[in-house]
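Welcome, and thanks for opening your viewer. Please load the model and keep the selection tool at hand while we walk through a few stops together.

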Amino acid sequence: GDRYGLVSTDLMLEGVHFDLTYFPLQHLGYKAVVAGISDILAMNGTPRQVTLALGISSRFSVETVEQLYEGVRYACRDYKVDLAGGDTSASVNGLTIAVSAVGEVAKDKIVYRSGAQVNDLICVTGALGGAYMGLHLLEREKRVLHDVENPEPEKRALDGHPNPHPKFEGYEYLLGRQLRPSARLDIIEELAKIDLVPTSMIDITDGLASEVLHLCKDSDKGARIYLNRLPIAQQTNKMAEELHSDPVVAALNGGDDFELLFTVPLARQEDIFALGIDVIGHITAAGSGVALVTPDDQLIPVQAPGWVVRGDELASGEDESLADAQ
């Protein structure tokens, strides 16, 4: 008929995408659903159903699996989708989650990654880097707890130990961004109310840099992103300062923000501002490259190193030129 069916699949592996030392199963179930339906939203679609497949090792009881499904149920309620089925299998070790999301969109409303035009505004729906800083906060407190429970020999003779309770006060926003993120169904609904169809769109799961490059590659265009326009929350800046890292690097390469990155014609600028959406740059001609623009108008080529597991280091490979520009 006049509508397309949409389908997306996401895979989450214990030890790669989540650590059950600090990730409550209810939140994990919720996040799995968010990851699935966010891809549907990124095509300007409406999610309708999800299916869930689990690989479960023998160390998980029925009660713990029910906790996971409790989070799935809450997410399905919040985003008005049905859990339509799935599968369960024994696993040699750990937990594997595969979620598939099904949705639909009118054929004249569908948005791909390939439609960006020269001079289009580049928009982002919320603050960036918070989920990644939340991950580092959780990893830091995990290491502190480990050191308390397993003190070095020379410390065992000391009277008493530091308080083993994690120090999360003041960072509730960062924890929420990592443990219970939101899919931006609200933005898709608001855009529909004003009859605004983005020219291209993608959700931010691998960091802003990676997603901008995807849009530009598929659209055969360049882009200019203004560093002083990147939306970064106060808690993200504070956490980055504690970790002696750059919050801009977290925003560019952190990932798991589940915000929407999209482009719209320049003529719709006032509509975007009215919705409270940040404009962070604009699309340029093919062959012009993708670059960050510093406050003093220097251009820094955008690269997306992607995820690299490197212990407690930033998983993005901080660029020295970016550090110099800051």
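## First stop: an exposed aspartate

Select Asp297, which counts as exposed at 62% relative accessibility (buried means under 20% relative accessible area, exposed over 50% and partly exposed in between, with a 1.4 Å probe and protein chains only). Before you go on, note that this is a predicted model, where local features need pLDDT of at least 70 and side-chain atom pairs count only at pLDDT 80 or more, while totals for chains, interfaces and linings use all residues. Residues are numbered from 1 along each chain as its sequence is written, and side-chain values use heavy atoms, with hydrogens and water left out.

Asp297 sits in the loop between strand E10 (290–293) and strand E11 (299–301). Helices (H or I, at least four residues) and strands (E, at least two) are DSSP runs, numbered from the N terminus. What is the sign of phi at Asp297? Phi is positive there, about 70°, although Asp297 is not a glycine. Most residues other than glycine have a negative phi.

Now jump to Asp195, in the loop between helix H5 (185–193) and strand E6 (200–204). Asp195 is not a glycine either, yet has a positive phi of about 55°.

## Second stop: two helices

Select residues 25–41 to light up helix H1. Its 17 residues should span 24 Å at 1.5 Å a residue, and the end C-alpha atoms are indeed 24 Å apart; the expected span is 1.5 Å times one less than the number of residues. Helix H1 is largely enclosed by the rest of the structure, because 14 of its 17 residues are buried.

Next, pick Thr236 in helix H7 (residues 234–242). Is Thr236 buried or exposed? Thr236 is buried, with a relative accessible area of 0%. Show its contacts (heavy atoms within 4.5 Å): leaving aside residues up to four places away in sequence, Thr236 touches Leu128, Gly129, Gly130, Met133, Tyr173, Leu174 and Pro247.

## Third stop: a strand covered on both faces

Select strand E5, residues 121–124. Leu121 and Cys123 lie on one side, Ile122 and Val124 on the other, and all are buried, leaving both faces covered.

Bring in the neighbours next; two strands pair if DSSP finds at least two bridges between them.

- Strand E8 (residues 259–264) pairs with E5 in the antiparallel sense over four bridges, and Cys123 stands opposite Phe262 in E8.
- Strand E9 (residues 278–284) also runs antiparallel to E5, joined by four bridges, with Gly281 in E9 as the bridge partner of Ile122.

## Last stop: charged pairs

How many salt bridges does a search of the whole structure find? There are 16, each a side-chain nitrogen of Lys or Arg within 4 Å of a carboxyl oxygen of Asp or Glu.

Start with Arg3 and Glu104, whose closest N and O atoms are 3.6 Å apart. Arg3 lies in strand E1 (residues 3–13) and Glu104 in strand E4 (residues 95–106), so this pair ties together parts that are 101 residues apart in sequence. Arg3 is partly exposed at 38%, and Glu104 is partly exposed at 26%.

Then show Arg77 and Asp78, which meet in a salt bridge at 3.1 Å, N to O. Arg77 counts as exposed at 52%, whereas Asp78 is partly exposed at 29%.

Finish with Arg184 and Asp186, a salt bridge of 2.9 Å, N to O. Arg184 is buried at 15%, while Asp186 is partly exposed at 35%. Extend the selection to Arg177, Asp257 and Glu259, which are linked with Arg184 and Asp186 in a network of salt bridges.
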